[in-house]
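Subject: Structure handover

Hello,

The structure is below, followed by notes on what turned up in it.

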Amino acid sequence: MLDEIQKIGSEAEQKISAAKTTAEIEEIRVEYLGRRSQLTSLLRGIAELPDAEKAAAGKAANQVRAEIESLLSERETALADGEMAESIAGGGIDISLPGAPALPIGNLNLITLTRRRIEDLMVGLGYRVAEGPEIELDFYNFTALNHPEGHPARMVQDTFYVAPGSLARALDDEVLLRTHTSPVQVRAMESQSPPLFIVVPGKVYRRDSDATHSPMFHQVEGLAVAEGITLADLKGTLLELLRGLFGPDREIRMRPHFFPFTEPSVEFDVSCFACSEGVTEESQRCGLCKGIGWIEVGGAGMVDPEVFGFVESNGYDPERIQGFAFGMGIERIAMLKHGIGDLRRIFEGDVRLIGQFG
Ligand code: PHE
């Protein structure tokens, strides 16, 4: 039996060194090491040998097996390297082609694109981008913005409070998810003396959920503070911004409104870009502006002197400086611009929708 094993070994060795392709190597592997190979059946037969011969035969068979295995893999590597070099030299492989299938690289989310567009337009007007925390103190979100006790926005029905109790006691204030980007007005004025021109994008949170409201959404705040700023500056800035977003032919209008932290306060609208004064080209009532000819975009106003009072020591003397602020929802801008009816679609991540932009 030992002779037989040796014979298989040397036969295999010869064939391996004569093999010219990796395919041949594979055939030899099956022939000599496969389940139906001679060596495998010899190994099976060892159990029936007399005890005295078992150990030596088993050892020899395993040794030959290991030798064949290592010769095979050595030869295979050498042949594969040669085949690869030949194939590249012969132009069979274009190594400059992308892997197949080429993977789509994706695109930025519509909200990111819209935010960047707004930032770019404001930076073009000399503003800088500022940010603030999403988990905010009541002081910045409400108190310093002149919200009176009992204002509806302060109620738990409208605002998410974080761990009321221990955390609030430790900080000596309520902690909440900010309901607007306006708290960054106060934070920015605390850290920089006037003049101050900032644009503040970010996530905000409200207990609201339907086709046009989401508990989390994005706002952009604008704040300009310097000596001699007027409501006309606000209007000019909004006109520039909204023309940049919705087209050079847009007009804007401001309607009186109320916010606790601006005085006077306005809501501002942009002229509808889908119709002419509420009537479509087909003489139908326009669906986008509901036949009004104007679309509401956001809230704004002149910074209330009460707000400056909280940062007076940093150069914000309400007798000397003025400012305007405005805020608007990024989702709303994106929905208007792209005719998206349901806000929730933007967050669902369906590539059929979000893959259309950028
Ligand atoms: N923060 C207000 C809101 O979320 C919008 C606003 C911003 C109004 C700045 C006036 C000035 O409704």
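Sorted by class, the shell around the ligand holds five nonpolar, seven polar and two charged residues. Here Ala, Val, Leu, Ile, Met, Phe, Trp, Tyr, Cys and Pro count as nonpolar, Asp, Glu, Lys and Arg as charged, and the others, Gly among them, as polar. This is a predicted model, in which local features need pLDDT of at least 70 and side-chain atom pairs pLDDT 80 or more, while totals for chains, interfaces and linings use all residues. Residues are numbered from 1 along each chain as its sequence is written, and side-chain values use heavy atoms, without hydrogens and water.

Ligand site. There are 14 residues around the ligand (a heavy atom within 4 Å of it), and His180, Ser182, Arg206, Gln219 and Glu221 come nearest. Strand 9 (322–329) is among the strands that supply at least two shell residues each; its share, three residues, is the largest. Strands are DSSP runs of E, at least two residues, and helices of H or I, at least four, numbered from the N terminus.

Polar contacts (N or O pairs within 3.5 Å) include a side-chain N or O atom of Ser182 at 2.9 Å from a ligand nitrogen. A polar side-chain atom of Arg206 is 2.9 Å from a ligand oxygen. The protein buries 90% of the 330 Å² that the ligand exposes when taken alone (Shrake-Rupley method, 1.4 Å probe).

Elsewhere, Asp173 sits in the loop between helix 7 (166–171) and strand 3 (175–177). A polar atom of the Asp173 side chain lies 2.8 Å from the backbone nitrogen of Phe139.

Regards

Note on methods
A polar contact is a pair of N or O atoms within 3.5 Å; within protein, one must be able to donate a hydrogen and the other to accept it, and residues adjacent in sequence count only if both atoms are side-chain atoms.
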